[in-house]
Amino acid sequence: MLDFKTTDLCDDYSDALQISNIAFRSFGKKTRFSGKIETVNVYEDNVLIVEALKNVPEGSVIVVNGGGSNRCALLGDRLAGIAQSRKLAGIIINGYVRDSVDLAKIDVGILALGTHPLKSKKYGTGDRNSILHFGGVEWRPGEYVYADEDGVIISIKPLLAD
């Protein structure tokens, strides 16, 4: 399933893709991952991220719009460990992470804007399963995301054979 390159997918399907304009940094052990999108919309609060990590289907990619806030981290090693134990494909965060040395050992794709040492608040505000807007694209639950060292693309339908 990981035998793809976003560059090749863009060559073959560019008219049917959305291409994120954010130059995410990779923090997880997996640098190439894909899966069905599950969304979380939060701001400096990761309670709903934890809920999603514990409940989304195996192989999913959780996409988090954290508003790009650089005042705290939305994900660290403990939460990434949940993603690994549940066999999630990846997590893409429009925000920051922490425990970056430990994240690099966790067998999940993790993309974020950067690192911050402070943990997030725990109020439970935000929403799940909504359409997110960041990076010049719409992240829709149930669509497919493909990420590698060259970028992140979104497709309405799956592009790879199982």
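**Figure 1. Residues at the contact of helices α2 and α3 in the predicted model.** Helix α2 contributes V50, L53 and K54 to this contact, and helix α3 contributes L79, I82 and A83. By class, the contact of α2 with α3 comprises 5 nonpolar residues, no polar residues and 1 charged residue.

**Figure 2. Relative arrangement of α2 and α3.** Two packed helices are described by the angle between their axes and by the distance between those axes. Here α2 spans residues 47-55 and α3 spans residues 77-85; their axes come within 8 Å and cross at roughly 20°. Angles under 35 degrees count as roughly parallel, and α2 and α3 are therefore roughly parallel to each other. The crossing in which α2 passes α3 is left-handed.

**Figure 3. Surroundings of the buried residues of α2.** The buried residues of this helix are L48, I49, V50, A52 and L53. Among them, V50 and L53 also take part in the meeting with α3. Besides α3, the buried residues of α2 pack against the strands β3, β4 (61-65), β5 (73-75), β6 (90-94) and β10. An α-helix has 3.6 residues a turn, so residues three or four places apart point the same way.

**Figure 4. Environment of E44, in the loop between β3 and α2.** The strand β3 that precedes this loop covers residues 33-41. With a relative accessible area of 5%, E44 lies below the 20% limit and is therefore classed as buried. Leaving aside residues up to four places away in sequence, E44 touches S69, R71, C72, L74, S120 and K121. One of these partners, R71, is joined to E44 by a polar contact of 2.7 Å between the side chains. The C-alpha atoms of E44 and R71 are 7.5 Å apart in space, while the two residues are 27 residues apart in sequence.

**Figure 5. Environment of S120, in the loop between β9 and β10.** This loop connects β9 (114-115) with β10 (127-128). S120 has a relative accessible area of 6%, which is under 20%, and S120 is therefore buried. Residues up to four places away in sequence not being counted, S120 touches E44, D45, N46, C72, A73 and L74. The side chains of S120 and N46 are joined by a polar contact of 3.2 Å. The contact of S120 with E44 links this view to that of Figure 4, where S120 appears among the residues touched by E44. C72 and L74 are touched by E44 and also by S120.

Note on methods: Residues numbered from 1 in each chain as written. Predicted model: local features only at pLDDT ≥ 70, side-chain atom pairs only at ≥ 80, totals over all residues. Heavy atoms only, no water. Axes fitted to C-alpha atoms, helices over the stretch in contact; angles between N-to-C directions. Helix = DSSP H or I, 4+ residues; strand = E, 2+ residues; numbered from the N terminus. Parallel < 35°, antiparallel > 145°, perpendicular 65-115°, else oblique. Left-handed = near helix turned anticlockwise from the far one by under 90°. Contact = heavy atoms within 4.5 Å. Nonpolar A, V, L, I, M, F, W, Y, C, P; charged D, E, K, R; others polar. Buried < 20%, exposed > 50% of the residue type's maximum accessible area, 1.4 Å probe, protein only. Polar contact = N/O pair within 3.5 Å; in protein donor to acceptor, adjacent residues only side chain to side chain.
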